[in-house]
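Q: Please take a close look at one helix pair where two chains meet, and then set that pair in the wider contact.

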Amino acid sequence: MSAMFKNRRTRDNVLQAVFVGSLVLLVLAMVLTARTNLSAQGLTSGFGFLERTTGWRISFSLIDYSTSSTYARAIIVGLLNSLFLGALSLPLATVIGIAIGVMRTSGNGMAELLGTIYVEIFRNVPLILQLFFWYALLLALPSPRNAEPILASIALTGRGIYIPGLNVSGGSVLAAVLMLLAGVGLSLWAGKNRWSRAQRAQVRREKRILWAATGLLFVAALWLGRIPDTPLLTLPEPRGLNFDGGIRISPELFACVIAISVYGGAYIAEIIRSGFNAVPRGMREAGEALGLSGLQIFTRIRLPLAIRIVMPTMINQYVWLFKATTIGIAISFTDFFMVISTSINQSGQTLELIGILMGGFLAINYTLVWVLNRVNDAIALRGTQLRM
Amino acid sequence: MSVPSPAEISRQPFPKLLKDRYFATRIDTIVTVTFGLLTLWLLWSFFEWAVLHAYVDPEDRDACVQSEGACWAVITARWRIVLFGLYPFEEQWRSALACLAIVLTTILSCLPSFWTALRLSLLWIVGFAAFYILMRGGILGLAPVSERDWGGLALTLFIFAAVVLIGMPLSIVFALLRRSNLPWISRTMGLVIDTIRSLPLLTIMFAFAVVIPFATPDWMNGQQLYRVIVGYAIFFACYQAEIIRGGIQSLPAGQEEAAKALGLGYWQRVGYIILPQAFRNALPPTINQVVITFKETSLVTIIGFFDILASGRAASGTGEWSFATIEVYVFVAFIFFVFVFSLSRYGAYLERRLGVGTR
């Protein structure tokens with residue numbers, strides 16, 4: 001026996017087997033204990049509960065949902081809400097981040113000061129505290145009866161923000177957004193595989209056709225999906241104690257979007273700033289030597305280079321920000337996590353629901369990373385002159 | 001024109017500096033004036049709200065309700081709840097001392113003379129023990145106070161310190177396992193780390209608070225607070241392990257080879273050659289991670305713990321002060337800001353001092 005352990009390979013194999021084996025055993029033991037504990041409470045394991053009706057309400061949903069919907073549908077509602085929140089907050093955080101990042105590297109003392117104040121305030125206070133703060137601020141807005149719409153179209157009230165909307169079906173909005181995404185994807189693909197080799201005039205023509213087609217399809221999708229016998233555009237109008245028409249954004253959703261994009265913007269601003277600082281000085285000087293204006297140097301040289309430099313860091317940041325959307329539960333925004341935790345409370349199917357939760361987040365994160373990596377590949381510079 | 005480097009700027013005479021930095025071109029002038037006015041307006045509105053129209057005396061509660069300004073009276077009336085939560089009133093000096101112990105320990109561990117593994121661990125064990133004895137009581141004539149009654153700043157600091165204290169050694173173990181030469185060990189560890197890293201912290205805390213009791217025998221469960229701390233520590237360790245791994249990978253391969261050539265064993269190589277250098281390389285992201293960990297302790301509010309954020313909400317939760325929620329949030333935010341800002345400034349100072357990142 002002891003001779004066997006003197007053999008290095010045997011020893012290594014035993015060590016690995018023990019390590020992996022004990023981990024697997026730990027997980028198995030936990031699952032088995034949980035199953036005995038749960039079946040002692042009269043719960044049957046398995047995914048059959050997904051077909052049962054929930055009986056509880058969800059305050060915000062993108063698809064039809066009622067108390068007689070199934071658990072599976074509730075989970076999809078939560079998943080869509082999380083994705084929706086992410087789809088609103090991440091681009092907004094990027095816009096804020098680029099604006100503040102540019103301010104902080106502009107060379108203008110006053111712009112840098114303002115940018116620094118922004119970053120230091122919002123980066124050094126916990127996200128959840130900021131969320132509570134914005135939520136309290138939104139709830140303190142006047143009641144719909146006393147609210148005065150801005151430009152007769154936007155009303156800020158304690159019960160939600162009312163904005164003008166289109167009378168179109170949800171499916172057509174989805175189709176329109178998909179058209180837009182397809183257009184962007186196609187242009188990224190073409191930029192990588194086709195336009196880098198083609199003549200400039202041909203590229204310009206093809207770009208025009210692509211964007212015109214995308215725009216047309218976008219408008220057509222919305223037009224075909226409009227709800228009959230209603231005007232296409234609806235404006236919020238005061239009616240009784242509330243507003244009628246338009247789109248109501250709940251304070252919960254709005255607070256989440258503000259909090260995540262303001263907080264994320266501060267982090268992204270720092271990334272963007274490091275990107276701008278990493279663009280070699282020679283690039284800017286070469287632009288000056290060619291007689292480009294300050295704006296041209298910024299839009300044609302510094303910004304494109306900086307974005308390519310920071311892209312890998314940004315991918316991590318986006319994943320991190322998306323995970324941060326789970327804090328919506330603190331103010332009862334019904335996101336994926338909140339639906340799962342309510343389901344655990346109501347149905348007791350703990351293991352299955354935790355499995356769904358983990359699977360959902362792994363799937364979303366890996367998809368996000370995959371898509372962003374494709375974008376990164378598509379915009380990467382070819383050639384050897386500038387490896388960054 | 002090109003932007004001068006900071007060193008060049010500070011050498012310039014003041015009027016020229018003013019011109020270059022603020023009024024270089026016409027657009028610069030417009031930007032300076034617009035942003036200057038914006039900054040002034042923001043500062044003035046804040047000053048007006050927080051100082052000019054503010055009330056501090058709790059007697060002025062009714063005036064507060066009418067006033068446009070801040071109502072700091074809620075803080076003067078309720079600061080003990082915000083800072084100490086439900087801790088017994090007569091014993092709150094202990095809670096204050098305990099917080100001081102943790103803060104002192106943190107400040108001391110920022111001094112370079114404490115930067116050996118032995119001194120740092122000793123310092124933290126002593127500091128943490130002092131905190132625990134003060135808070136828990138039961139010996140030295142102190143009345144016992146159960147963890148259930150802990151709250152406010154002390155609870156926030158306790159969770160933070162415990163997470164870092166458990167998580168730091170754990171992260172070294174994780175990083176070494178992940179870097180193991182044995183493929184199955186490194187792959188399994190990689191899978192575990194990646195899975196935990198792709199889950200939000202909140203779901204981990206939730207799982208440890210609510211789900212783990214189902215999955216473990218009763219004697220292993222312990223208090224909910226400690227389960228959440230363990231979950232958070234594992235989460236912290238997974239992130240920190242990747243940071244340490246990055247630090248190890250940035251070492252030249254020759255370091256380990258030279259150590260091998262000298263005949264050092266695995267633990268000697270790791271303990272004397274690899275880890276000290278890896279930690280030095282990984283110092284800036286480590287401090288960043290610690291800062292984030294401190295900020296995110298506030299998530300325990302959602303699980304139902306009475307940390308400083310929850311106790312702040314409780315302070316303005318009752319009818320009497322319910323109109324002053326914003327003031328309490330600003331107060332709590334200020335406390336967080338002081339801690340987080342000083343930690344991150346220290347990190348930036350350290351980064352410059354060590355010359356890491358300027359190579």
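A: In this predicted model, Thr350(A), Ile354(A) and Leu357(A) of H12(A) meet Thr203(B), Ala207(B), Val211(B) and Phe214(B) of H10(B); residues are in contact if their C-beta atoms, placed from the backbone, lie within 7 Å. By class, this helix contact has 5 nonpolar, 2 polar and no charged residues. Ala, Val, Leu, Ile, Met, Phe, Trp, Tyr, Cys and Pro count as nonpolar, Asp, Glu, Lys and Arg as charged, and the others, Gly among them, as polar. Helices (H or I, at least four residues) are DSSP runs, numbered from the N terminus.

H12(A) spans residues 350-379, and its axis lies 11 Å from that of H10(B), at an angle of about 160°. Axes are lines fitted to C-alpha atoms over the stretch in contact, with angles from 0 to 180 degrees between N-to-C directions. The two helices are therefore roughly antiparallel, a term for angles over 145 degrees. Their crossing is left-handed, meaning that the near helix is turned anticlockwise from the far one by less than a right angle.

The whole contact takes 44 residues from chain A and 45 from chain B. Elements giving two or more residues to the chain B side include H9 (183-197), H10 (201-215) and H17 (325-354). H17(B) gives the most, with 10 residues. That side has 28 nonpolar, 13 polar and 4 charged residues.

Residues are numbered from 1 along each chain as its sequence is written, and chains are lettered from A in the order in which they are written. Local features need pLDDT of at least 70 and side-chain atom pairs count only at pLDDT 80 or more, while totals for chains, interfaces and linings use all residues.

Note on methods: Two residues are in contact if their C-beta atoms, placed from the backbone, lie within 7 Å. Angles under 35 degrees count as roughly parallel, over 145 as roughly antiparallel, 65 to 115 as roughly perpendicular and the rest as oblique.
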